[in-house]
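Welcome, and thanks for taking a look at this model with us. Please keep the viewer open while you read.

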Amino acid sequence: MTMADMPEHAEPPARNAPSAPRAQAPKRRTFTTSDKQRILRHYDSLTDPVERGALLRREGLYHSHLEYWRATLTNKAGDAPPAAEKSVGGRPTHGEAEVAIQRLRAENDRLTAELSRAKAALDVTGKLCALLETLSESADSDTKPSK
């Protein structure tokens, strides 16, 4: 069917229109624990970064996958201490709050010292300006001719 054969009000057929709605949708890959352990052992046995990268590309993985797998497999085995306490409602835990308080106190001390230095510099600048003004006035009075 050409454009000349089509009625004026009809639209041309869509290109690459799917025959069935998402009939061939891709499935998410899953790895068994033994697959994860096998890949981790193989990755750890390699020393060359190029070979490690090739393994990750061949398996279709990122390094972050391996880090996550290591953490979860270690926690399941009971070798690692339990995960840190989770915050509730976005509030920091008691340990996180204490660290934040210490950090803010140190920053407050630093900023207070910086403010006192700035005030001292302004005080010295003001005194210098007054001294220069006094010197300027005395120099003007010395150069005036007397009548």
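Which side chain of opposite charge is nearest to the buried residue Glu59, and how many Å away is it? The answer is Arg38, 4.1 Å away, and Glu59 has no salt bridge even though it is buried. A salt bridge here needs a side-chain nitrogen of Lys or Arg within 4 Å of a carboxyl oxygen of Asp or Glu, so it is worth having that cut-off in mind when you look at this pair.

## The overall picture

Before going further, please note that this is a predicted model. The protein has four helices and zero strands, giving the pattern α-α-α-α when read along the sequence.

Of the 147 residues in the protein, 10% are buried. The protein exposes about 13,300 Å², and carbon and sulfur atoms supply 56% of that area. Among contacts with a separation of 6 or more, 41% are between residues 24 or more positions apart.

## Helix α2 and the setting of Glu59

Back to our opening residue: Glu59 is found in helix α2. That helix spans residues 49-59, and its buried residues are Gly53, Leu55, Leu56 and Glu59. These residues lie on the same side of α2, because they cover an arc of only 155° around the axis. As background, an α-helix has 3.6 residues a turn, so residues three or four places apart point the same way.

Turn the helix around and you meet Val50, Arg57 and Arg58, exposed residues on the face directed away from the buried side. Just after α2 comes Gly60, with a positive phi near 70°. As for the neighbours of Glu59, leaving aside residues up to four places away in sequence, this residue touches Arg29, Phe31, Arg38 and Ile39.

## Three salt bridges

How many salt bridges does the structure hold? There are three. In general, side chains of opposite charge can pair when their charged atoms come close. One of the bridges joins the side chains of Arg70 and Asp44, at 2.4 Å from N to O. This pair links distant parts of the chain, with Arg70 in helix α3 (residues 63-77) and Asp44 in helix α1 (residues 33-45), 26 residues apart. Arg70 is partly exposed at a relative accessible area of 29%, and Asp44 is also partly exposed, at 44%.

Helix α4 contains both Arg110 and Glu114, four residues apart, or about one turn of the helix. Their side chains meet in a salt bridge of 3.6 Å, N to O. Arg110 is partly exposed, with a relative accessible area of 46%, and Glu114 counts as partly exposed at 41%. Lys127 and Asp123 form another bridge, at 3.6 Å from N to O. These two are four residues apart in helix α4, and therefore separated by about one helical turn. Lys127 is exposed, with a relative accessible area of 56%, while Asp123 is partly exposed at 44%.

## A nonpolar patch

Which residues make the nonpolar surface patch of about 390 Å²? They are Leu128, Leu131, Leu132 and Leu135. Leu128 is found in helix α4, which covers residues 94-143. With a relative accessible area of 47%, Leu128 is partly exposed.

Definitions and conventions
Residues numbered from 1 in each chain as written. Predicted model: local features only at pLDDT ≥ 70, side-chain atom pairs only at ≥ 80, totals over all residues. Heavy atoms only, no water. Buried < 20%, exposed > 50% of the residue type's maximum accessible area, 1.4 Å probe, protein only. Arc of directions from axis to C-beta. Lys, Arg positive; Asp, Glu negative; His and termini not counted. Contact = heavy atoms within 4.5 Å. Patch = residues over 30% accessible without salt bridge, like charges linked within 9 Å, V, L, I, M, F, W, Y side chains within 5 Å. Areas by Shrake-Rupley, 256 points an atom, 1.4 Å probe, with all protein chains shown as cover.
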